Amino acid sequence: MRHFAGAVAAATRPATLACGSFDGDVSVHDLSAEDGPRCIARSGGNSDAMHREPVTAVAWRFNLAEASKTSEKDRAYDVVTAGTDGRVFAWNVGRMETPAYGYELRAANARSQGRVVTWGVSCVDFGGGETHDPGAFLA
């Protein structure tokens, strides 16, 4: 199956790329392999905790809690994604079957008698501040 990327982000290692696709898949690729690029992690299955629409933003976010558990520096980063489905997810590269955590951007719409609507995300900033708060983002 071929996936087309809608958003990409380079990691702290230049040869690692995180991608979000138009079908909602999230994947991580190693571009340094001698035999060509290879997928090293991919979001799995059809679950409620997945993007249902195109992924529009991808970023790498330092995870202080993971950094304290591992000596592998690459495992100390999460891939954070946002999509037109209004969902923002953080994925740990070592465990991408389901997101580590996520949010759905919803609000009551006054013009529709208070009915709750989901806001799609077209751009996002995950920040780079000193707090390393994994839940901090601006959409």
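User: Is cysteine 39 buried, partly exposed or exposed?
Analyst: This is a predicted model, where local features need pLDDT of at least 70, side-chain atom pairs count only at pLDDT 80 or more, and totals for chains, interfaces and linings use all residues. Residues are numbered from 1 along each chain as its sequence is written, and side-chain values use heavy atoms, without hydrogens and water. Buried means under 20% relative accessible area, exposed over 50%, partly exposed in between (1.4 Å probe, protein chains only). Cysteine 39 has a relative accessible area of 35%, so this residue is partly exposed.

User: How many disulfides does the structure hold?
Analyst: A disulfide needs a pair of cysteine sulfur atoms within 2.5 Å. For cysteine 19, the closest cysteine sulfur is in cysteine 39, 8.6 Å away, too far for a bond. The number of disulfides is zero.

User: Which element gives the largest share of the largest nonpolar core?
Analyst: A nonpolar core is a set of buried Ala, Val, Leu, Ile, Met, Phe, Trp, Tyr and Cys residues joined through side-chain atoms within 4.5 Å. The largest has 17 residues. Strands E1, E3, E5, E6 and E7 each give two or more residues to this core; strands (E, at least two residues) are DSSP runs, numbered from the N terminus. The largest share, three residues, comes from E5.

User: Which backbone nitrogen does the side chain of asparagine 92 reach?
Analyst: Asparagine 92 lies in strand E7, residues 87–92. At 3% relative accessibility, asparagine 92 is buried. Its side chain reaches, at 2.9 Å, the backbone nitrogen of glycine 94.

How values were computed:
Helix = DSSP H or I, 4+ residues; strand = E, 2+ residues; numbered from the N terminus. Polar contact = N/O pair within 3.5 Å; in protein donor to acceptor, adjacent residues only side chain to side chain.
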